[in-house]
Structure formats: C-alpha cells, structure tokens
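Here are my notes on the model you sent over. I've kept them as numbered points so you can follow along on screen.

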Amino acid sequence: MHALLTEAESRGYTVETQTDLQRGDAVHTLAIVIRGRAFPLVLTERTAKVPREPTPQELRRQECSPWTRGPKYDEEFIGRLALGAPAGTGYQHSYFYSDGARWTLESRLGHLLQDLERLAAEAERREREKELREAEQRRRWYAAVALAREQQVEQHRARVLTGQTRA
C-alpha cells in the first residue's frame, strides 16, 4: 500500500480517506483522487470455502429439529491479498487485482494505477460529451424560441393588418 500511495502522489494525485455510513455502521476507505474523481480502494484477504464440521450444539439442535440445516461450508482465509474497488460501488468490476498462481499483487500495482487513470480519463470524456450535448440542446431550444417569436410577431402583424383593411 505504501508503494502504491507513494507512486500515486508522485504522479500528482491525492490520497484521502473517506467515511461513509452503510447500514448504521461507519465504513472507512482509502481513495486515490485523479482529476477530481475519487477511486476508493480496499485491501482484503481472499477466502476459500472449506467443508464445515458441525459443533456439538448444532448437532443437538438438528436432532431436536431435523428440518433445520446449518451451513455446509466455512470461509477460511488463504493468505492471498486483493486490492480494488469495494463491493457495492459503481466501480466494483472496473479495477480489482489480487495475488494469483503466477503473479503477486505487488507486480500488478502499475496496472491498477493505469486502470484508475483510464477510468478518470473516460469519466472526463463522458462529462465533456454531456456538456456538449447539453449546450447543443440549449442552442436548439433558443433557436426554436426565437423562431416561434418571429412567427408570433408575423401572425400578430397579419391580424392587425387584416383588421385595418376590413375597417
């Protein structure tokens, strides 16, 4: 994390902490801010499913009420780290790297920063396109209003002139 955050700051990005309230609990995340957009990061340890041995208490409960079932598996930490967007965010599948069979998380940190830079550039491009679309829509609106005004003035003049000729 230190190497990643140091590299991010050397590239001119800022690093900040964020605190959000989720289901009544304070959730603290670290975010790298690139071009005014914050990309939250969460460092977690990967887990694997392992068969679960029921406890004596669970065995007694199952004897008393055989229609209830306990969990079949437990989650066990496997020592592999993962770094990326927190689950439940819009970026959940955009940037996520972890230890693998052929590489370590440390070797993927450069790719992570490249992904964040690409996402920031895409977001900026989409924002510019949206602004251009809105400006074009405003321009068309004002042109339509000006045309309607001209037509209204012409219609008014025609009614007045027709009224004068009849009089």
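1. A bit of vocabulary before the pockets come up: strands here are DSSP runs of E at least two residues long, helices are runs of H or I of at least four, and both are numbered from the N terminus. A residue lines a pocket if it has an atom within 4 Å of one of the pocket's grid points. Please also keep in mind that this is a predicted model.

2. Overall layout. The chain has three helices and five strands, and along the sequence they run α-β-β-β-α-β-β-α. As for the overall form, the radius of gyration is 31 Å, whereas a compact globule of 167 residues would come out near 15 Å. The box around the C-alpha atoms says something in the same vein: it is roughly 105 × 55 × 30 Å along the principal axes. Buried residues account for 21% of the 167 in the chain.

3. The largest pocket. Its space comes to about 240 Å³. Have a look at who lines it: R52, E53, P54, E58, R61, Q62, T68, R69, G70, P71 and K72. Sorted by class, that lining holds six charged residues, three polar and two nonpolar.

4. The second largest pocket. This one has a volume of about 190 Å³. Ten residues line it, and those closest to its centre are V42, T44, A85, P86 and A87. Two elements, β3 (37–51) and β4 (73–84), each give two or more residues to the lining. Which element gives the most to it? That is β4, with three residues. The class count is seven nonpolar, three polar and no charged residues. Put the two linings side by side: six charged residues in the largest pocket, no charged residues in the second largest.

5. Aromatics. How many aromatic pairs does the structure hold? Just one. The partners are F39 and Y95, set edge-to-face with 6.1 Å between centres and 80° between the planes. The pair links distant parts of the chain, as F39 is in strand β3 and Y95 is in the loop between β4 and β5 (96–98), 56 residues apart. Are these two rings' residues buried or exposed? Both F39 and Y95 are buried.

6. A charge over a ring. While you have the side chains switched on, find W103: R108 lies over its face, 4.4 Å from the ring centre.

7. An odd backbone angle. R35 is in the loop between β2 (25–34) and β3. Its phi is near 55°, a positive value in a residue other than glycine. For context, most residues other than glycine have a negative phi.

8. Two partly exposed residues. E127 is in helix α3 (residues 109–166). Why does E127 count as partly exposed? Because its relative accessible area is 43%, and that class runs between the 20% limit for buried and the 50% limit for exposed. Y73, in strand β4, falls in that class too, since its relative accessibility is 47%.

9. Distances to check. From E127 to T29 is 25 Å, C-alpha to C-alpha, with their positions 98 residues apart in sequence. Y73 and R133 are 60 residues apart in sequence, and their C-alpha atoms are 52 Å apart in space.

How values were computed
Residues numbered from 1 in each chain as written. Predicted model: local features only at pLDDT ≥ 70, side-chain atom pairs only at ≥ 80, totals over all residues. Heavy atoms only, no water. 1 Å grid on protein atoms, 1.4 Å probe; cavity = no way out; pocket = protein on both sides within 12 Å on 5 of 7 lines; lining within 4 Å. Points joined across faces, edges and corners; volume = space filled by probe spheres on them. Nonpolar A, V, L, I, M, F, W, Y, C, P; charged D, E, K, R; others polar. Phe/Tyr/Trp six-rings, centres within 6.5 Å; stacked < 30°, edge-to-face > 60°. Buried < 20%, exposed > 50% of the residue type's maximum accessible area, 1.4 Å probe, protein only. Lys NZ or Arg CZ within 6 Å of the ring centre and 35° of its normal. Rg over C-alpha atoms; globule rule 2.2 N^0.38 Å.
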